[in-house]
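Ready for a few exercises? Keep the viewer open and try each task before reading its solution.

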Amino acid sequence: HLNAAAVEEIAAADSGKAPFALLLLDPDRFKPVNDVFGHDAGDQVLKQVAERVSKASVDASCIARTGGDEFAILLSHKTGRSNIEFVADKILRYFESPFEVEEKPVRICASIGISFYPSAGDDAEALFRHADVALYNAKRNGRNRYCLYAEEMDSGVREMSDLALDIRRGLRENEFIPYFQPLVDLRSGRAVGMEILARWQHPVHGLVAPDRFIPVAEA
């Protein structure tokens with residue numbers, strides 16, 4: 001249904017009607033809901049998410065759950081991109097109120113990736129791929145925000161993907177080493193403990209600092 005709706009939007013845009021955008025939404029901090037309350041409770045939260053997304057996107061031609069906890073929204077933008085950004089911001093504001101799980105308040109937020117037709121791709125597959133890239137960037141930049149697709153994001157995603165593969169190789173080769181930093185009592189001057197910091201002894205790039213690889217490992 002979603003792919004058919006995207007094809008219809010593309011045909012309408014090509015015939016001179018309003019261009020459109022694809023929004024991919026992924027709730028942040030949703031996994032703990034399943035872990036703590038169970039999958040039935042998680043499904044109840046997803047229903048609440050769907051209701052809020054529908055209220056915020058009343059002009060959408062299609063709203064669909066694409067699998068897991070991700071949602072896709074197709075929106076025409078007769079008045080320009082600012083209208084799409086207004087809707088995305090409105091969706092995020094709908095997440096500010098807590099959700100209810102077994103009569104308990106639970107707070108989750110959302111990340112949104114946006115791709116525009118035809119600037120982000122001339123077919124449905126490209127639009128979905130680029131909206132996913134924008135969604136990844138929204139999460140990488142702090143979550144609880146929306147991000148518009150731009151071409152330069154592709155190289156960043158490829159770089160992160162290559163780094164993730166390299167981390168797996170480095171783990172197999174025991175390239176990650178601990179650095180021990182003493183914790184000192186300033187009154188006595190004695191070491192009272194140790195903080196252990198990760199470093200990556202890379203065979204090509206030398207010693208890699210944690211701010212380079214920890215975010216990729218966490219993702």
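What covers the buried residues of α4 includes β1, α3 (39–56), β3, β6 and β7 (146–148); covering here means contact, with heavy atoms within 4.5 Å. This is a predicted model, in which local features need pLDDT of at least 70, side-chain atom pairs count only at pLDDT 80 or more, and totals for chains, interfaces and linings use all residues. Residues are numbered from 1 along each chain as its sequence is written, and side-chain values use heavy atoms, with hydrogens and water left out.

**Exercise 1.** Find which residues of α4 are buried, and explain why they line one face of the helix.

*Solution.* Start with the limits: α4 covers residues 81–94, 14 residues in total. Helices (H or I, at least four residues) and strands (E, at least two) are DSSP runs, numbered from the N terminus. From its first C-alpha to its last, α4 reaches 20 Å, close to the 20 Å expected at 1.5 Å a residue; the expected span is 1.5 Å times one less than the number of residues.

Next, pick out the buried positions: Ile 84, Val 87, Ala 88, Ile 91 and Leu 92. Buried means under 20% relative accessible area, exposed over 50%, and partly exposed in between (1.4 Å probe, protein chains only). Seen down the axis of α4, these buried residues fall within an arc of 140 degrees, so they line one face. The arc is that of the directions from the helix axis to the C-beta atoms. An α-helix has 3.6 residues a turn, so residues three or four places apart point the same way.

**Exercise 2.** Describe the two faces of α1 and what its buried residues pack against.

*Solution.* Helix α1 spans residues 2–14. Its buried residues are Leu 2, Ala 5, Ala 6, Glu 9, Ile 10 and Ala 13. They fall within an arc of 140 degrees seen down the axis of α1, so they too line one face of their helix. Now turn to the other face: away from the buried side, α1 carries the exposed residues Val 7, Glu 8 and Asp 14. Finally, list the partners of the buried residues: β1 (20–28), β2 (62–67), β3 (70–76), β6 (109–117) and α5 (124–140). Following α1 comes Gly 16, with a positive phi near 105 degrees.

**Exercise 3.** Work out how many disulfides the structure has, and why Cys 109 is not bonded to Cys 147.

*Solution.* Take the criterion first: a disulfide is a pair of cysteine sulfur atoms within 2.5 Å. A search of the whole structure finds zero. The sulfur of Cys 109 has its closest cysteine sulfur in Cys 147, 15 Å away, which is too far for a bond. Then check burial: Cys 109 counts as buried at 8% relative accessibility, and Cys 147 counts as buried at 12%.

**Exercise 4.** Locate Glu 103 and Asn 144, then state whether each is buried, partly exposed or exposed.

*Solution.* Glu 103 sits in the loop between β4 (99–101) and β5 (104–106). Although not a glycine, Glu 103 has a positive phi of about 65 degrees. With 78% relative accessibility, Glu 103 counts as exposed. Asn 144 is in the loop between α5 and β7, and its phi is also positive, near 55 degrees. At 43% relative accessibility, Asn 144 counts as partly exposed.
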